[in-house]
Structure formats: C-alpha cells, structure tokens
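Me: Could you take a close look at one part of this model with me? I'd like to see how that part connects to what surrounds it.

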Amino acid sequence: MIPTTCWSPCFTQGDRTLELVVYSLQHKFAPSRTFSEPMTNSTEQTELDGLRRLDPQGISAVFDRYYPEVFRFVRYRLGDDLVAEDIASEVFVRLLEAIRTNRGPQTNLKAWLLATASHIATDHMRKKYRRPTSELPETLPDLDTDPPGDYEKREREHRLKHAMSLLTDEQQNVLALRFSQAYSLDETASLLKKNVNAIKQLQFRALAALHRALGDLP
C-alpha cells in the first residue's frame with residue numbers, strides 16, 4: 001500500500017487511483033519543504049526597505065531566500081525544471097522593474113512573488129497550447145530498451161501532468177502550495193487571501209478533478 005494522507009473524507013485509502021495521485025504529488029513534483037526561521041513583520045519590512053533602496057545586498061538576500069520556493073512552485077505547476085528556472089528568474093526581474101516604477105509590493109513580499117509566478121506560468125501554458133502540434137520525428141526511440149517499470153512511471157507522470165493542466169489556476173495554486181511547499185491551510189489561505197474553508201474546498205475540488213481526469217491508473 002502506498003502511504004498517503006487522507007485529504008478528503010470522500011476518498012478512501014482503498015482507492016488506488018487517488019493514492020497514486022497523492023503519492024505522486026507529494027514525492028515527484030514536491031520535494032520536502034526546507035523550513036527556515038519564521039518570517040517576522042520586521043524581517044519582511046527590512047527586505048522591502050532594502051528592495052526600495054535597490055540595495056545590492058538586500059536584493060541578493062531576497063533572491064536567496066525566495067528563489068527556491070518560487071522555483072518549486074512553478075515546477076509543480078508546469079513539471080519542467082528548465083522552464084521553471086526561466087520563469088522563477090523572470091519573477092525577480094519583474095520584481096525589480098516594479099520596484100523601480102513604484103509598483104512593487106507594499107506588504108507580503110512572498111505573496112507578490114508567488115502571484116507573479118502564477119501569472120507567468122499561466123501565460124506560458126496558454127501560449128504552449130496555442131502552438132501547432134509539431135510533427136513526429138521520422139525516427140522514434142526504441143522503447144523496448146527501457147525497463148517496463150520506467151516506461152510506466154513516465155507514462156503515469158505524463159498523465160498526471162496533463163491532468164494538472166486541466167485544473168483552474170486557483171486549484172493549481174492551492175495544490176502547489178499545499179504539496180510542493182508543504183504550507184498549512186492557514187499559511188495557504190493567507191498567501192492566497194482567502195479563508196481556510198475556501199482553501200479546503202479548492203483543495204477538495206482539485207483532487208476530485210484529478211481523480212476524474214485520471215480514471216483508473218494502471
């Protein structure tokens with residue numbers, strides 16, 4: 001039995017598909033969160049003040065502190081390390097542009113960064129699906145050379161990634177924060193500016209949508 005967490009009373013531990021979904025979310029797209037010292041209002045204000053002064057050390061400290069979380073958030077949304085690196089970097093470019101034009105965050109820097117990352121990730125997905133489907137290459141890799149287990153694993157991850165793309169932005173954001181960042185319900189609600197019950201509903205609907213999209217995984 002794959003270890004899992006009971007995220008909703010509507011799903012039982014005997015449901016193989018949901019177990020695989022939750023296990024994949026927790027272990028494939030979501031590395032364990034590295035907990036740092038709790039953020040205080042004074043710490044955040046110091047960071048914001050340093051950004052407004054365009055202080056090099058302050059900018060570097062903000063990047064070092066938040067880049068890993070932004071990267072994990074985007075990688076969870078898109079399932080692509082290289083694209084996640086590009087988008088995470090773009091988030092900080094936009095932060096500096098916003099600061100220079102006095103449009104930067106006044107409070108809650110982390111929420112601003114994650115919201116910006118969400119917008120860029122959504123734009124990326126829209127552009128990706130507007131592109132014409134490329135033709136298949138004349139020669140395809142010989143799948144017989146891959147162990148059956150590896151092929152099944154990649155196929156399952158591909159299906160999960162596609163199912164994730166069918167969720168709403170809010171649903172993806174909630175799962176990204178809850179699974180990839182291991183944020184509590186209270187933390188997620190604060191970052192997304194919603195109440196805890198709304199987060200619970202979004203999480204439940206997101207997992208239910210994944211369950212429907214995936215059907216019975218092998």
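Which residues are buried in helix 8 (residues 185-192)?

Reply: Happy to walk through it. A word on the ground rules: this is a predicted model, in which local features need pLDDT of at least 70 and side-chain atom pairs count only at pLDDT 80 or more, while totals for chains, interfaces and linings use all residues. Residues are numbered from 1 along each chain as its sequence is written, and side-chain values use heavy atoms, with hydrogens and water left out.

In helix 8, the buried residues are Thr188, Ala189 and Leu191. Here, buried means under 20% relative accessible area, exposed means over 50%, and partly exposed is in between (1.4 Å probe, protein chains only). Helices are DSSP runs of H or I with at least four residues, strands are runs of E with at least two, and both are numbered from the N terminus. The three buried residues sit on the same side of helix 8, because they cover an arc of only 165° around the axis; the arc is that of the directions from the helix axis to the C-beta atoms.

Just after helix 8 comes Lys193, with a positive phi near 60°. Lys193 belongs to the loop between helix 8 and helix 9, and with a relative accessible area of 73% it is exposed. Another residue other than glycine with a positive phi is Asn108, where the value is near 50°. Asn108 is in the loop between helix 4 and helix 5 and is partly exposed at 24%.

Beyond the loop, helix 9 spans residues 196-214, and its axis comes within 9 Å of the axis of helix 8, with a crossing angle of roughly 100°. Helix 8 is therefore roughly perpendicular to helix 9. The axes are lines fitted to C-alpha atoms, for helices over the stretch in contact, and angles run from 0 to 180 degrees between N-to-C directions. Angles of 65 to 115 degrees count as roughly perpendicular, under 35 as roughly parallel, over 145 as roughly antiparallel, and the rest as oblique.

Which residues meet there? Helix 8 brings Leu185, Asp186, Thr188, Ala189 and Leu192, and helix 9 brings Val196, Ile199 and Lys200. Contact means heavy atoms within 4.5 Å. By class, the residues of this contact are five nonpolar, one polar and two charged. Nonpolar covers Ala, Val, Leu, Ile, Met, Phe, Trp, Tyr, Cys and Pro; charged covers Asp, Glu, Lys and Arg; the others, Gly among them, are polar.

Helix 9 also leads us to the largest nonpolar core, which has 42 residues, with Val70, Phe92 and Leu175 making the most contacts inside it. Elements giving two or more residues to this core include helix 9, helix 7 (169-180) and helix 3 (56-78), and helix 3 provides the largest share, nine residues. Such a core is a set of buried Ala, Val, Leu, Ile, Met, Phe, Trp, Tyr and Cys residues joined through side-chain atoms within 4.5 Å. Leaving aside neighbours within four places in sequence, the contacts of Leu175 include Tyr76, Met164, Gln203, Ala206, Leu207 and Leu210.

Stepping back, the protein chain has nine helices and zero strands. Buried residues account for 39% of its 218 residues.
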